[in-house]
Amino acid sequence: MKLKELPQEYEKAIPVLKKLENAGFEAYFVGGSVRDTLLKQNIHDVDIATSAFPEEIKQLFPKTIDIGIEHGTVLALVDDEQYEITTFRTESTYQDYRRPDSVEFVRSLEEDLKRRDFTINAFALKEDGQIIDLFDGLSDLENQVLRAVGNPHERFHEDALRMMRGLRFVSQLGFELEAETALAIQENHHLLEKISVERINVEFVKMLLGQERSAGLRAFVETECYVYCPGLKEYGEALLRFADLPKKTLRTESQAWTLLIDQLGLEEKEIRSFLKQWKCSNQMIKEVQLLVYGLKQRKQHFLEALDLYRLGRESALNVEELIGYFAETPELQQVTANYDKLPIKSLSELSIDGNLLLETSQKKPGKWVSEALQLAERGVITGAVANDKDELLVYLKEQNIGI
């Protein structure tokens, strides 16, 4: 097969391939970008594989960075662009199911492609548009089948994360796992315990954000990979309930975690420890806790002024989008309008502050100051009092604050 037109990203990188070829080496575009090109999707990273060894690559390109030279990868800086150039290689056994015990550089493209994970990721593309397909990946692409290259058991023993990558591709592409590949994942799913949670997290989140999330989740449960993922061992049925939710693509990672936690039925006090198991950042945990609160409120009633104030505009809109999974129509414009009507958007906009309260009263500093500000803040948000200094001081006196 030969492509009539290459994406602009490839066109810009052709001089890199030609430079390698003019020096007597083979060079191809490889990896997921080739697959995405064939699927007519936008590409991001341009990866190049070559028969040139790392030192030979460095001799050809004046500006390089050794980003993974022990595995044959050199970053070449060419005309304000960066290209990862990797030497054809074969790999030995994998004692830890994630890294090869040793890497051997070779001159053979076929030997290099044999170690790829799935047939749809094992293409090589020449600068003239010619597709090199040694494992019937084009047929699998056309039939929307996800098949491991060669023996699937060997591929998953080389890097157990490939099982999660496979499930992620099911979700992102809507492809179906080929029978032997699916069986191999099911029989080897326990190897995920050898993989760092951080790496699993990346693939799991991508799976939840895929346009075919339901298919990905079902495969996740059917292959029993969920058993070896943090905090999910007892939640097979809940994950299937998640899969049954309306087919709407989640927009953000925080929304994905929020909807998952909702379907798992976790208590508010359990959220932080659950997400910590997944090695989520403190910022992500904070965002998700806020969205879980907001979704709980939104399931009961339309977001009120205090809800909107606590959530902020962005989180409020995220919550409103999530309500679409529960047989309600999101009212995004109404949420935006209601948020814009709030008299204040943060405590800093309040017409009084702690210093003013201390000056006005004869009381010593203490907890009462923050309690008074919270009371004033709530009063302004709910419309009980205007955001005016004098009116707020009167309001607080009426509330027996003792100012």
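Two strands are taken to pair if DSSP finds at least two bridges between them; the legends below describe close-up views of a predicted model.

**View 1. Strand β3 and strand β4 are joined in an antiparallel hairpin.** Three bridges link β3, which covers residues 64–68, to β4, and the two strands run antiparallel. Within this pairing, Ile-65 is the residue that stands opposite Leu-75 of β4. Four residues separate the two strands of the hairpin, and Gly-72, which belongs to the turn, has a positive phi of about 90°.

**View 2. Strand β4 also pairs with strand β5, again in the antiparallel sense.** The pairing of β4 with β5, the latter made up of residues 81–87, extends over six bridges, and in it Ala-76 has Tyr-83 of β5 as its bridge partner. Here the hairpin leaves two residues between the strands, with Asp-79 in the turn showing a positive phi of about 50°. Strand β4 itself spans residues 73–78, and because five of its six residues are buried, the strand is largely enclosed by the rest of the structure.

**View 3. Asp-45 and Asp-47 are listed by UniProt, in an unreviewed entry, under "binding site".** Asp-45 is located in the loop that runs between α2 (32–38) and β2 (47–50), whereas Asp-47 is part of strand β2. With a relative accessible area of 58%, Asp-45 is exposed, while Asp-47, at a relative accessible area of 28%, is partly exposed. When residues up to four places away in sequence are not counted, Asp-47 touches Tyr-28, Phe-29, Val-30, Ser-33 and Glu-84.

**View 4. Gly-32 and Arg-165 are among the further positions to which the unreviewed UniProt entry assigns the feature "binding site".** The positions given in that record also include Arg-35, Arg-116, Asp-159, Arg-162 and Arg-168. Gly-32 lies in helix α2 and, at 24% relative accessibility, counts as partly exposed. Arg-165, by contrast, is found in helix α7, which comprises residues 161–173, and its relative accessible area of 22% makes this arginine partly exposed, because the buried class is reserved for values under 20%. Once the neighbours within four places in sequence are left aside, Arg-165 is in contact with Asp-117, Phe-118, Asn-121 and Glu-203.

**View 5. Helix α9 packs against helix α10 at an angle of about 135°.** The helices consist of residues 197–208 for α9 and residues 213–222 for α10, and their axes lie 8 Å apart. The angle makes α9 oblique to α10, because values over 145 degrees would be needed for a roughly antiparallel arrangement. From α9, the residues Phe-204, Met-207 and Leu-208 meet Arg-213, Gly-216, Leu-217 and Phe-220 of α10. Sorted by class, this contact of α9 with α10 contains five nonpolar residues, one polar residue and one charged residue.

**View 6. His-190 is placed in the loop between α8 and α9.** Helix α8, which precedes this loop, covers residues 179–188. His-190 has a relative accessibility of 32% and therefore counts as partly exposed. Although His-190 and Tyr-228 are 38 residues apart along the chain, their C-alpha atoms are separated by 6.4 Å.

Terms used
Residues numbered from 1 in each chain as written. Predicted model: local features only at pLDDT ≥ 70, side-chain atom pairs only at ≥ 80, totals over all residues. Heavy atoms only, no water. Axes fitted to C-alpha atoms, helices over the stretch in contact; angles between N-to-C directions. Parallel < 35°, antiparallel > 145°, perpendicular 65-115°, else oblique. Contact = heavy atoms within 4.5 Å. Nonpolar A, V, L, I, M, F, W, Y, C, P; charged D, E, K, R; others polar. Buried < 20%, exposed > 50% of the residue type's maximum accessible area, 1.4 Å probe, protein only. UniProt positions renumbered as here; feature names shortened; annotations may be inferred.
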